[in-house]
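Student: Please pick one part of this model for a close look and set it against the rest. Give the cut-offs behind each term as it comes up.

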Amino acid sequence: MIQTLLIANRGEIARRIIRTCRELGISPVAVHSDPDADAPHVAEADAAVRLPGATPAETYLRADLLVAAAVSAGADAVHPGYGFLSENADFARAVLAAGLVWVGPTPEAVEAMGSKVAAKKRMAAAGVPVLAELDPDAVTDADFPLLVKASAGGGGRGMREVRSRADLADGVAAARREAESAFGDGTVFCEPLLEGARHVEVQVLADAHGTVWTLGERECSIQRRHQKIVEETPSPAVDPGARQRLCAAATAAAEAIGYVGAGTVEFLFSDGDFHFLEVNTRLQVEHPVTELVFGVDLVAWQIAVAEGARLPAEPPAPNGHAIEVRLYAEDPARDWRPASGTLHRFEVPGDVRVDSGVENGSVVGVHYDPMLAKVIAWAPDRTSAARKLAASLAAARIHGLVTNRALLVDVLRHPAFLSGETHTGFLDEHRLTEARERDLTGSALAAALTQAARRHTGALPIGWRNLPSQPQRVRYENVEVDYRHTRDGIVTSLPFTVVSADGESAVLERDGLRNRFHVSVYGDSVEVDSPLGAVTLRSVPRFPEPVATVAPGATVAPMPGTVVRVAVEQGQRVEAGAELLVLEAMKMEHRVLASTAGTVAELRVTRGHQVDSGDVLVVVAEDEVAEGES
Amino acid sequence: MTALRSVLDTGSAEYRDNRAALLAKIEELDAEQAKALAGGGPKYTERHHGRGKLLARERIELLLDQDSPFLELSPLAAWGTDFPVGASIVTGIGVVEGVECLVVANDPTVRGGASNPWTLRKTFRANDIAFANRLPVVSLVESGGADLPSQAEIFIPGGRAFRDLTRLSAAGIPTITAVFGNATAGGAYVPGMSDHVVMIKDRSKVFLGGPPLVKMATGEEAEDEALGGAHMHGTVSGLADYVAEDEVDAIRLTRRIVARLNWRKLGPAPKPVEEPAYPAEELLGLVPTDQRIPFDPREVIARIVDGSRFDEFKPGYGTSLVTGWADLHGYPVGVLANARGVLFSEESQKATQFIQLANSADTPLLFLQNTTGYMVGAQYEQGGIIKHGAMMINAVSNSTVPHLTVTMGASYGAGNYGMCGRAFDPRFLFTWPNAKSAVMGPAQLAGVLSIVGRQAAAAKGQHYDEEHDAAMRQVVEGQIEQQSLAAFLSGRLYDDGVIDPRDTRTVLGLCLSAIHSGPIKGAEGYGVFRM
């Protein structure tokens, strides 16, 4: 029996496992890198072990440190979560060698599926349909487009789409480089690229006594850069017949490798036809949708199976529909650029499940995946689940970091999504990642009025004038608003009627439509939440500090005088502090020195020159700082 | 504490008529004030903006703390004269970096911001307010100098403008000047006399004599930048303490100067504020359209003081004058308000005692004027009305606690004096748009002239022309009526502004807060009270 479980992971999955530990009465032990020292998963565990350093390679990928942590914490089992070392057979072996229970499949099963090339061969032998492997040296034009994949890969890394023979060599080389650096294994292979195909996977749960359950399929077609962002079960494209065949194939796959524990068999699904992609020998990120529909706790079952428990003969029956979205701190309009910084506020309202690794005030760093949370909704049917999830996301208060929230809401409300037409090219086809022009004036007006109300102290009327002439003007980046406090309320030249405004929110009416805007201020960033969409505004100072008028590198005369010596020539390299020239004033010689290292770009004076205080004498073009140093 | 209970019937026809009449007067007032706001009109405003410059009120708005209140003073200055309404200058009290300041800004769209005799008077009044209430003075200068055709009325008295600045400085009241354009000749002394000076690169020109004058005087050929540019003053003459990049930067620097004054108010801090129990809006309906009909000032007090709470002093004695204690925006005040116009001996004695009490308690006084004067007639003369009126005027004159005066209706005769009219230096004096003030009512004045004329004719044995008399009375009545009106009086700087009665509490609250920048100290002695 497991009493103490070390969770060799971080973030939301660590918290997810802790939750089940609490329900089962197991004492959870967390590990953490230095930047994660104050992370919620650390605070929630009974004990925590520090992994010195910040990068995954120094911390969460160090099998030796993790095993040592488990031993020192008195843990009797290790749960790897997903990612990091969850599919590393050596780590599983090290855990077992230390006399601990490994919550996962056997190292052999992990290994068998670790190489995609080998896995495909094995599955083909077991009668599971697979895509033909293409030899890069023997492809014909008819084989394009094709996909180059890393054998050891995952998460879209080491993967390249190649559309013509001309690009093949480059694609293979790029995939190989990426695979080598990401997984330490540069092996790649080619497959036909099935465009418009769906990503469908089957959840498998097997005990050590020969029982294999399949818990339906999940569809994870909506992806950005091969990274899933919307997942659901059941798939709108899979009918009962196809489901039966998928599940049978998944069962065959699991049995072929003697699989024990929770795993996922991934397929490419197209027109009722499907091909094996890979087996994920771990808990999937998107496991919650299965849990909600089948009413099971997969982590609890993982632990039970690891303890040797038997599965009942039949799995529970599915009920309803569940959809999950992955909320990332990244900007879809800027090439998915990840955001880092302080997440001032994180609240997702509504009847949804939120598996998050963050909370109010969490700092999102640059070292790990920028996923903030998974938000999952269940409803009796698919459209109801989508509606519920979209509403929760739209109403969420997410302050401090740019996220893909608006994109997710757009997906969930898109007619094509609602009619089940999901596929891996969904975002591109519907142009959902493009930045949209948004009217910021309502949000900005609400922000200005709320900030005004907050500033206002005392009983004298805010902004009172006996002779009103000018409105109050407030600027935020890209938007300016005006308003005036009058006897009859607040008026503005903008097409809004101000219904009310206080220190928390403002109610504005436009074209007969009334909306409440909630305003939160964090330094110079202002977050406005409303049913019209969340907006982040940046305050522009009322009085900008004047910019320096003297060009950088310019040296000016400190006082009026005569140039008695010029020590440099045009184009000469000088070090910071080097003498440039000497000025004589009031019988004193003043040495004028270079303030920065560089090259003399301009020499404006010669010997004997009369100069005035403030005159530019020499301009030194600063050395460009070599990249990587700054 | 005693809460006032209003008996105003807001459903009555009288209330509706009063309200409609007062709203009409407010509309007229707005129209007159709009003239001041329009400055030099669209053409000059556009030209000014075209030069990348801000208007006087735009500069002020930027100078003030965001969303803070601003009380503009004397907006109708020069009303009824040959000069534009507003007198080409804006003055007022506003908050800069948390400090209540007296702000003065030339309006360069009005004849180049040139000073006329009314500009001077308005400036002097602003300086007086700064001095009496210990308010730092911020001047936003851009003026072409004196309006030369009226130099006779400017030159000699105008020196006071410089005297005021240095005396303010000597009294420890900071003076800050930002020069937005020309400050020539006399104008050059404004920065010269100020504690702190900001000029704007390529914009400010400060010199005693410009290029033509210098050429005439000495033959020297000098460019204006060399004579008085911001750069020269910032690096050579040292007249500019700060040289700004542009107008906004000048205002930024000015605000920074105020922020670094380390200013502390010397008056006691206000108590927590409670709004009146009755709405200010109802003030519009309680003033009768006929000035001869008195109204109960308690109805006004109930709508301007904290919690409508009023502890009345001597409520049963001298009932034509209401006296008592209240708080206004958290500041304690003693209120004297006319209840039935006329002041008798009892009222005078009651007021005298009340003013002395306020001085012994260092409590500011609020005078709510609606008076036709001291009672006349043999009975009252014999009862010593002159002695008693003089006592009251003595007390008002020598009282040193701050006085605030609001003319709610009539302000005639010596009643204007006893109730702290302009000549008695109230810290602030505001007028409602319906108010009238003169030595006596127009009909009475014309009647007196008629009687005197009739008597003169009779003494000479001449025939008195009744037709001529009627015409004379009409002309005089019209002239006196005209000269009694709020806008006329305000135009002559006899008040600090005509206000919407609904703003009375706010205006008085702003004034009391400004007043408390300085100490509050009651009188320690009076002149001889004739008993």
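**A helix pair and its surroundings**

Tutor: In chain A, 61% of the contacts between residues at least 6 apart in sequence join residues at least 24 apart, a contact being two residues whose C-beta atoms, placed from the backbone, lie within 7 Å. The model is predicted: local features need pLDDT of at least 70 and side-chain atom pairs count only at pLDDT 80 or more, while totals for chains, interfaces and linings use all residues. Residues are numbered from 1 along each chain as its sequence is written, with chains lettered from A and ligands numbered from 1 in the order in which they are written.

The close look goes to chain B, after its overall frame. Chain B has 20 helices and 16 strands (DSSP runs numbered from the N terminus, H or I of at least four residues for helices and E of at least two for strands). Its C-alpha trace spans about 80 × 65 × 50 Å along the principal axes. The radius of gyration of chain B is 25 Å, which agrees with the value near 24 Å for a compact globule of 531 residues; the radius is taken over C-alpha atoms, and the globule rule is 2.2 Å times the number of residues to the power 0.38. Of the 531 residues of chain B, 52% are buried (20 or more other C-beta atoms within 10 Å of the residue's own, again placed from the backbone). Among contacts in chain B with a separation of 6 or more, 76% are between residues 24 or more positions apart.

The part chosen is the pair formed by helix α17 (residues 442-459) and helix α18 (residues 466-484) of chain B, whose axes come within 8 Å and cross at roughly 145 degrees. Axes here are lines fitted to C-alpha atoms over the stretch in contact, and angles run from 0 to 180 degrees between N-to-C directions. The crossing of α17(B) and α18(B) is right-handed, the near helix being turned clockwise from the far one by less than a right angle.

On the α17(B) side, B:P442, B:A443, B:L445, B:A446, B:L449, B:S450 and B:G453 take part. They meet B:D469, B:M472, B:R473, B:V476, B:E477, B:I480, B:E481 and B:S484 of α18(B). The contact holds 8 nonpolar, 3 polar and 4 charged residues; Ala, Val, Leu, Ile, Met, Phe, Trp, Tyr, Cys and Pro count as nonpolar, Asp, Glu, Lys and Arg as charged, and the others, Gly among them, as polar. An α-helix has 3.6 residues a turn, so residues three or four places apart point the same way.

Elsewhere in chain B, B:V90 lies in strand β2 (residues 89-96). B:V90 is buried because 29 other C-beta atoms lie within 10 Å. Beyond four places in sequence, B:V90 contacts B:A56, B:R57, B:I60, B:E72, B:A105 and B:D107. B:V90 and B:E27 are 63 residues apart in sequence and 21 Å apart in space, C-alpha to C-alpha.

For the partner chain, the secondary structure of chain A comes to 15 helices and 38 strands. The C-alpha trace of chain A spans about 100 × 70 × 60 Å along its principal axes, and 44% of its 630 residues are buried. Where the chains meet, 21 residues of chain A are in contact with 28 residues of chain B. The chain A side of that interface has 9 nonpolar, 8 polar and 4 charged residues.

How values were computed. Buried ≥ 20, exposed ≤ 12 C-beta atoms within 10 Å, placed from the backbone.
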